[in-house]
Protein chains: 2
Amino acid sequence: MTMSPSIPTDSVGVVLPENLHFEEPLKLDCGVVLDEYDLIFETYGTLNEQRSNAVLICHALSGDHHAAGYSAADDVKPGWWDNCIGPGKPIDTNIYYVVSSNNLGGCAGSTGPLTINPATDTPYGPDFPIVTVRDWVESQARLADRLGIERWAAVMGGSLGGMQALQWAIDYPDRIAHAIVIAATPKLSTQNIAFNEVARQAIRYDTSFHDGHYRDHGVVPERGLMLARMLGHITYLSDDGLHAKFGRELRDGKFNFGYDVEFQIESYLRHQGLSFVGRFDANSYLLMTKSLDYFDPAARFDNDLTKTLSNCSAQFLVISFTSDWRFAPAKSRELVRALLDANKDVSYANIDSEQGHDSFLLEIPAYHAVLRSYFDRIHRESGK
Amino acid sequence: MTMSPSIPTDSVGVVLPENLHFEEPLKLDCGVVLDEYDLIFETYGTLNEQRSNAVLICHALSGDHHAAGYSAADDVKPGWWDNCIGPGKPIDTNIYYVVSSNNLGGCAGSTGPLTINPATDTPYGPDFPIVTVRDWVESQARLADRLGIERWAAVMGGSLGGMQALQWAIDYPDRIAHAIVIAATPKLSTQNIAFNEVARQAIRYDTSFHDGHYRDHGVVPERGLMLARMLGHITYLSDDGLHAKFGRELRDGKFNFGYDVEFQIESYLRHQGLSFVGRFDANSYLLMTKSLDYFDPAARFDNDLTKTLSNCSAQFLVISFTSDWRFAPAKSRELVRALLDANKDVSYANIDSEQGHDSFLLEIPAYHAVLRSYFDRIHRESGK
């Protein structure tokens, strides 16, 4: 880690990702065995002697391992959760050793559709198997082994990341002291699956998709991926939040009676869609939405969430946001209720926010105060 | 009108549409002048001698003039609002003369993108101008003239149809006794515009779209139109409604770890999308979504809805549905509040329903009871 003059002092600074190769075959939920794979990750802070201060950050649908700091001294944009992770920040890197890894099946460095399949010497592309939240947890457990972390002080994440934190608490009760589940749900609603299905079809219908072999044709299904992202963005924000930000504002101040951008919201969506195409792989996007749809840990426990959680020994912090309609507060409360029924230690905060599902990424004072105070508690307890 | 043995006795029976040609040029909001045009419509019931019992039904985005009865004796499916219109039904055709016309720009018979443009002798296609709710009201007023209807007992509709009823009350205060505005809004929210924009882009990005000249290429942008409809369907229903109907039910009872239909909701959406492609024109769909976006009658009155309504002399019935998140009850209440502020006669009902925006099409007892009782009142008052 080096610091450049332009980088804020409460930043973890310039961080280079690390890569680990795993040769122990990993049997996935779908039945496919990955004979070998790589995981790319970043770390912030220092692992203490007792190895008791490690925090695992799990990313959401389109996130990656670059959660905090800068990739280079002249980098203008820090990692996606930089407001939360750093010296003196809610997840204080003066205290905690933070590990942030890229999920298998992603497109940012860990093994996924863009990786060369050793069996064929060509990229996996659409043949990369659909991985589940359980698979990710298993791969992260092996990463923990390699990093010498027997037990996480906390595993945390928002949205799909929160599902991983929950799955950790279920699958590895002895290896996680605290599970921090933010803007997540114990399973997707029908409406959520429906939105994912439209996003998938948008990609798969794109004539450039070529059954997922688009790179062999020198193209990417950019229109489909754009549509998927535009739709996603609407559901990550709230109606009120969109209204506050864009209202019915017109780009040219008048109607043009045509199909170019007229309302500012249209311009915003197109911009978000376009910029996503440049940074995300369509096959990865498809399989990540499937991981979301499939997540339902209670399905293995007679659809009884309380029973599902009965073996957990982690303490829980659950956070939802009032205007999040994609993963609504009611879903978080369903989890909280089951945890209480299972006699687990759970703290819950429903944060007042107009920003919808995206709130979990934002520096909302009440939200960060909850995180800060909870991490203070973890620190105090670990010191006992 | 003839009756076949298989047609229920409370049906208006077999109804054939009528067509009228208009030669007085119509100057549209966009500035384009339609030199001539046709309107297709159906009527149910009989116009009384005083011509005081006429009700105009305005259709929504994908509706048409075939609101009630059957197109042929062996037709299995009646019109889209058949549960509401007929002898003894809430809009009782023993009492009222009901007129249901197809909007300009549609694809069911009135002049629109599929019509031959007399200036070029080829179909308008994408050159058909974007029409607005005001344009529709103007064209409907001319239809009323031709039918000898000086003043409607009521103008009514749901969704985009409700917007037309509202615009009627504003534009023709002397020609409408009652405006029945159901599941509508005085203007679209940012989120609504955003959903419409994604639907439009899905169509326009389809490689078969050819800038709207798809029929010249012997194709239709079916994938785009399918996506638009799938997305629309999600927003017409509520999360709870979808959950009650489909939950997380799997078609094959297990995950297949692939991209064919797995969840029943996926099957439903694909079916809805496919069946829409066969019955709707993409250029019509595009311009109808624009009419929705543009609707904002208060924009001409300093964005003051109360002022906008001050010249209305109609009495109003406003209806919303508790689970309608596309045109939420709060939007209906905004209209009701402005009507009260403008000292207008308004009745308002927020109907408890799990079916979302689609509720306005359904036979919900409390909803139909409100309509029935309101139409009884119209009848009593007209008899004075």
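This briefing describes how two chains meet in a predicted model, and how the helices, domains and sheets within them are arranged. The contact between the chains draws 40 residues from chain A and 40 residues from chain B, and α3(A), which spans residues 190-205, gives the most to the side of chain A that touches chain B. Each chain also carries an open sheet of eight strands with mixed pairing, described for chain A and for chain B further below.

**The contact between chains A and B**

- On the side of chain A that touches chain B, at least two residues each are supplied by α3 (190-205), α4 (222-236), α5 (239-246), α6 (264-277) and α7 (282-294) of chain A.
- Within that side of chain A, α3(A) makes the largest contribution, with 12 residues.
- By residue class, the side of chain A that touches chain B divides into 23 nonpolar, seven polar and 10 charged residues.

**Helix pairs across the two chains**

- Helix α3(A) packs with helix α4 (residues 222-236) of chain B at an angle of about 170°, and their axes are 10 Å apart; α3(A) and α4(B) are therefore roughly antiparallel to each other.
- In this pair, A:Q191, A:A194, A:F195, A:V198, A:Q201, A:A202 and A:Y205 of α3(A) meet B:R223, B:L227, B:M230, B:L231 and B:I234 of α4(B), and the contact comprises nine nonpolar, two polar and one charged residues.
- Helix α5(A) packs with helix α3 (residues 190-205) of chain B at an angle of about 90°, with the two axes 8 Å apart, which makes α5(A) roughly perpendicular to α3(B).
- The residues of α5(A) that take part are A:D239, A:L242, A:H243 and A:F246, and they meet B:T190, B:Q191 and B:A194 in α3(B); by class, this contact has three nonpolar, three polar and one charged residues.

**The α3–α4 pair within chain A**

- Helices α3(A) and α4(A) pack at an angle of about 160°, their axes being 7 Å apart, and this angle makes α3(A) roughly antiparallel to α4(A).
- The crossing of α3(A) and α4(A) is right-handed.
- From α3(A), the residues A:F195, A:V198, A:A199, A:A202, A:I203 and A:Y205 meet A:G224, A:L225, A:L227, A:A228, A:L231, A:G232 and A:T235 of α4(A), and the residues of this contact divide into 10 nonpolar, three polar and no charged.
- Several residues of α3(A) belong to contacts on both sides of the chain boundary: A:F195, A:V198, A:A202 and A:Y205 meet residues of α4(A) and also meet residues of α4(B).

**Domains of chain A**

- The domain assignment divides chain A into domain 1 (18-192 + 297-383) and domain 2 (193-289), and the centres of these two domains, taken over C-alpha atoms, are separated by 26 Å.
- The contact between the two domains takes 26 residues from domain 1 of chain A and 21 residues from domain 2 of chain A.
- On the side of domain 1 of chain A that touches domain 2 of chain A, the largest share comes from α3(A), with three residues, and this side divides into 11 nonpolar, 12 polar and three charged residues.

**The sheet of chain A**

- Eight strands of chain A form an open sheet of mixed pairing in the order β1-β4-β8-β5-β11-β12-β13-β14, with β1 (18-22) and β14 (346-351) as the edge strands, each of which pairs on one side only.
- Neighbouring strands of this sheet in chain A are turned by 20° against each other on average, with direction ignored.
- Strands β11 (residues 154-158) and β12 (residues 178-182) of chain A run parallel and are joined by four bridges, and A:G158 stands opposite A:I182 in β12(A).
- Helix α9 (residues 329-341) of chain A packs on the sheet, where α9 touches β12, β13 (315-321) and β14 of chain A, and the direction of the helix makes about 160° with that of β13(A).

**The sheet of chain B**

- In chain B, eight strands form an open, mixed sheet in the order β1-β4-β8-β5-β11-β12-β13-β14; the edge strands are β1 (18-22) and β14 (346-351) of chain B, and the twist averages 20° from one strand to the next.
- Strand β1(B) runs antiparallel to strand β4 (residues 37-44) of chain B, to which five bridges join it, and the bridge partner of B:E18 in β4(B) is B:F41.
- Helix α9 (residues 329-341) of chain B lies across β12 (178-182), β13 (315-321) and β14 of chain B, and runs at about 160° to β13(B).

Key
Residues are numbered from 1 along each chain as its sequence is written. Chains are lettered from A and ligands numbered from 1 in the order in which they are written. This is a predicted model: local features need pLDDT of at least 70, side-chain atom pairs count only at pLDDT 80 or more; totals for chains, interfaces and linings use all residues. Two residues are in contact if their C-beta atoms, placed from the backbone, lie within 7 Å. Ala, Val, Leu, Ile, Met, Phe, Trp, Tyr, Cys and Pro count as nonpolar, Asp, Glu, Lys and Arg as charged, and the others, Gly among them, as polar. Axes are lines fitted to C-alpha atoms, for helices over the stretch in contact, and angles run from 0 to 180 degrees between N-to-C directions. Angles under 35 degrees count as roughly parallel, over 145 as roughly antiparallel, 65 to 115 as roughly perpendicular and the rest as oblique. A crossing is left-handed if the near helix is turned anticlockwise from the far one by less than a right angle, and right-handed if clockwise. Domain bounds come from an automatic or database domain assignment. Two strands pair if DSSP finds at least two bridges between them.
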